[in-house]
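Reader: Hi, I'd like to go through a structure with you step by step. Could you put it up so that we can start?

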Amino acid sequence: MVRITESLIRQRAEHNNCEIFSLEEISLHQQEIERIEHIDKWCRDLKIIYFQNNLIPKIENVGRLKKLEYLNLALNNIERIENLDGCEFLKKLDLTVNFVGELTSVESLKANVHLEELFLVGNPCYAFDSYREFVIAVLPQLKWLDGKEISRSDQIKALQDFPKVQQCILEQEAVYILKRTKEKELQNNAEKINEETGESPVANVLCNPDIDNALLVQQQNTEKNQGNSGGNDEDLRETDEDEMNRKFWQEPSYYTPESRLETHRYIEKMRKSKEKDKNHGIQKPQRTLITSEGRVFNVNEPKIDFTLTDNEENNQFILDLAVYRYLDSSLLDIDVQPTYVRVVVKGKVFQLGLQEEVKPDSSSVKRSQTTGHLLLTMPKVQEVITAKRKSKITPRPNSTNPHPDITRTTQSIEKLEVDPSKHVDITNIVMAKQSVAQGPLKLHQSRAPERNNIDFQDNPEVPPLLD
């Protein structure tokens, strides 16, 4: 039996950062749950719940969910509609393929004034005459029933024929309740036979109400003795198991909550039996990781890529392990020892020996959120002092430099070498600036051109040219 626990709800609340107090939607389908519990106390803000394909026999512990709008209970063992009065905002209820035979229990949904959709397909009450008319008349707030829209004319017709329809439904319901009572008695008898003989009950019991219980016990004891006569022969045991499986699945039985629960338990029993036989077989010899002399073997069972780097500058080893990207970190176990490192990836061992001893206490590990890789940094025990090389400064290429290949290797200032024996006069290296008098601008007359040219004629009427 699977119980609803806090860890199960948190596991199903990953879309809400595993917070359950503010959870609005949860899916608990196909969990083999046999009872609804705790959910109305831990998740008061739930609006949508998926409980389909479980073994729930009763609707309970959901009345405090005031904000609940959609409840899916398809493929369960529910026989009666109840305990939904407190769900004030319930809009959709799915009870497909259950065992609801008491159709009058739908009257408990009158308090759910916001209920618009109801599904009862696959239930025993679905086969009742005038089933649809009765539900429409009892629940006038419905807009859809079993996926079909309810028109105004359907409501008027259902209300007109309601007294007659109600009487018809009550008679069919009484017949069904009587039938269920007999089925429960037969199931109880079958369980008693199972306790006495230690064998699984014959499925045909439910189909033959007049069968003699004594004859059944005798038959099962005979089959049990025949099965034990073969001793511990494996072939005979496998044959008996195959015969039992064939008998269980081929013999007819009623489709009831008890038979569905019995089928589930039988499947679970066979699954555990196969797992036990599988584990009971020859076990694989355990791999030797370290010899008695202390020699460490390199092992890579998960077959993942890795890179081990000896970082001499920082005096440490760096191991880059390409762990699967979507593997949960809880499935990783890392152990750093002075002479080796071991990483267990989902039960498979990765081990690598180290050439020098490292410091386990100073080691660190990181995991990439993008690639999933593990990065282990392991400082060495023996420190090695190495001289650091001076980095050469390479100047940027300059377009004005006629020789770009020639670069300076030092930043020392170059000085001009002068012979001290020679006297150098530096007083007249720079010409003194002439002072410019301030005042009005004066025009300087240009000198008269020299009369060196033979054709030059000096005309006094022509003014002199200015520079």
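Reader: Okay, I'm looking at S12 and S13, so how many bridges join them, and do they run parallel or antiparallel?

Author: Keeping in mind that this is a predicted model, S12 and S13 run antiparallel and are joined by six bridges. One of the partnerships links Tyr340 with Gly353, which lies in S13.

Reader: And what sits between those two strands in the hairpin?

Author: The hairpin of S12 and S13 has two residues between the strands, and Lys346 in this hairpin takes a positive phi near 55 degrees.

Reader: What holds paired strands together, in general?

Author: Strands of a sheet pair through backbone hydrogen bonds, and the pairing can be either parallel or antiparallel.

Reader: Which sheet are these two part of, and in what order do its strands come?

Author: They belong to an open sheet of four strands with antiparallel pairing, and reading across the sheet the order is S8-S13-S12-S11. The edge strands, each of which pairs on one side only, are S8, covering 299-300, and S11, covering 332-336.

Reader: How many bridges does S11 make with S12?

Author: S11 pairs with S12, which spans residues 340-345, in the antiparallel sense over five bridges, and within this part of the sheet Val336 has Val341 of S12 as its bridge partner.

Reader: What about the other edge, with S8 and S13?

Author: S8 and S13, the latter made of residues 348-353, are also antiparallel and pair over two bridges. There, Val299 has Gln351 in S13 as its bridge partner.

Reader: Switching topic, how many disulfides does the structure hold?

Author: It holds zero disulfides, a disulfide being a covalent bond between the sulfur atoms of two cysteines.

Reader: Then where do Cys18 and Cys168 stand, buried or exposed?

Author: Neither word quite fits, since Cys18 is partly exposed with a relative accessible area of 34%, and Cys168 is likewise partly exposed, with a value of 25%.

Reader: Last bit, what does the whole chain look like in numbers, say its helices and strands?

Author: The chain has eight helices and 15 strands, and of its 467 residues, 30% count as buried. Its accessible surface comes to about 33,600 Å², with 49% of that belonging to carbon and sulfur atoms.

Reader: And what share of the contacts joins residues at least 24 apart?

Author: If you take the contacts between residues at least 6 apart in sequence, 47% of them join residues at least 24 apart.

Definitions and conventions: Residues numbered from 1 in each chain as written. Predicted model: local features only at pLDDT ≥ 70, side-chain atom pairs only at ≥ 80, totals over all residues. Heavy atoms only, no water. Pairing = 2+ DSSP bridges. Disulfide = S-S within 2.5 Å. Buried < 20%, exposed > 50% of the residue type's maximum accessible area, 1.4 Å probe, protein only. Contact = heavy atoms within 4.5 Å. Areas by Shrake-Rupley, 256 points an atom, 1.4 Å probe, with all protein chains shown as cover.
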